[in-house]
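Got the model open in your viewer? Here's a short tour that tells you what to select at each stop and what you'll find there.

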Amino acid sequence: MVKEPILAAIGAGIPIHEARGHMIVDIGGGTTDVAVISLGGIVASTSVKCAGNAVDYAITDYIKKTFNLSIGEKMSEEIKIQIGSAVPIEEELLMTVKGRDHLTGLPRSIELGTNEVVRAIGKELRTMVNAMKDVLQETPPELASDIIDNGIIMTGGSSLLRNFPELVFRRTGVKARLGKDAPYCVAKGTGEALKHLDTYKKAIIAKR
Ligand SMILES: Nc1ncnc2c1ncn2[C@@H]1O[C@H](COP(=O)(O)OP(=O)(O)OP(=O)(O)O)[C@@H](O)[C@H]1O
Ligand SMILES: [Mg+2]
């Protein structure tokens, strides 16, 4: 068993062995992993089965319920990436969404705006942010100030959702930012750990 949050942290360039505390969040397709790391170990963590895929399903669901329109699997992900956002925005992005009318079976298209997507995925985003809040609340007070100073580091493909760090800040009061090359942090961290196995072995292998 390999500790993925540690790999993500290494990939994001976090000095995992220092005594300071760092909070890392890896939001992928299936899972959101949250961990506070200090002295090469995980101090507090949680994992929820809610991430990018759940966001896609929520969009599909919303469009079906609201417009009686069935859309393909790829379409919901495209909507999320092209016009989606974690918080409402003033100058909404718009997209023509094509699908099949649920009642007539005929092809039909609708116009969809960003803020409608924000509403459609609100519940899923809340689940992810609540996981972060849970871990913050479990974090020992002596590490809290480090996390305030460093901010929450977000990695994984779904961290790229527009304005996600802003939502995390609004809900937790802690600054959040994307790690460098956020979608590739786990892969980069794995490479880095293998290259310096002596340094990282203890930190990345979970005892069972
Ligand atoms: N620009 C973007 N905006 C929003 N979501 C995105 C963006 N680019 C990719 N994603 C989402 O990122 C997810 C994939 O991320 P990632 O590659 O980190 O997942 P994974 O490691 O395969 O999954 P897991 O960690 O859950 O096993 C998909 O849900 C994809 O839709
Ligand atoms: Mg992943």
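Let's begin with a rule for sheets: two strands pair if DSSP finds at least two bridges between them. The helices (H or I, at least four residues) and strands (E, at least two) are themselves DSSP runs, numbered from the N terminus. Before you click, note that this is a predicted model, in which local features need pLDDT of at least 70, side-chain atom pairs count only at pLDDT 80 or more, and totals for chains, interfaces and linings use all residues. Residues are numbered from 1 along each chain as its sequence is written, chains are lettered from A and ligands numbered from 1 in the order in which they are written, and side-chain values use heavy atoms, with hydrogens and water left out.

**Stop one: the three-stranded sheet**

Select β4, β5 and β6: they make an open sheet in the order β4-β5-β6, with antiparallel pairing. The edges belong to β4 (69-70) and β6 (107-113); each has a single partner strand, so one side of each has no neighbour in the sheet. Now pick β5 (residues 94-101), which pairs with β6 in the antiparallel sense over seven bridges. Show R100 and you'll see it opposite P107 in β6.

Add α2, which packs on this sheet and touches β4, β5 and β6 (contact means heavy atoms within 4.5 Å). The direction of α2 makes about 110° with that of β6; axes here are lines fitted to C-alpha atoms, for helices over the stretch in contact, and angles run from 0 to 180 degrees between N-to-C directions. Then add α3, which packs on the sheet too, touching β5 and β6, with its direction at about 170° to that of β5.

**Stop two: the five-stranded sheet**

Next, colour the strands of the other open sheet, which run in the order β3-β2-β1-β7-β8 with mixed pairing. β3 and β8 (176-178) sit at the edges with a single partner strand each, so one side of each is left without a neighbour in the sheet. From one strand to the next, the twist averages 20°. Zoom in on β1 and β7 (residues 152-155): they run parallel, joined by four bridges. Here I24 stands opposite I153 in β7.

**Stop three: helix α5**

Select residues 122-138. This is α5, with 17 residues, and it reaches 24 Å from its first C-alpha to its last, close to the 24 Å expected at 1.5 Å a residue (the expected span is 1.5 Å times one less than the number of residues).

Which residues of α5 are buried? Show E124, L125, M128, V129, A131, M132 and V135; buried means under 20% relative accessible area, exposed over 50%, and partly exposed in between (1.4 Å probe, protein chains only). Look down the axis of α5: its buried residues fall within an arc of 135°, so they line one face of the helix (the arc is that of the directions from the helix axis to the C-beta atoms). On the other side, K123 and Q137 are exposed. Turn on β1 (22-27), β2 (32-38) and α7 (164-172), which are among the elements covering those buried residues.

**Last stop: salt bridges**

A salt bridge is a side-chain nitrogen of Lys or Arg within 4 Å of a carboxyl oxygen of Asp or Glu, and the count comes to nine. Try D101 and R108, whose closest N and O atoms are 2.8 Å apart. D101 is buried at 10% relative accessibility, while R108 is partly exposed at 30%.
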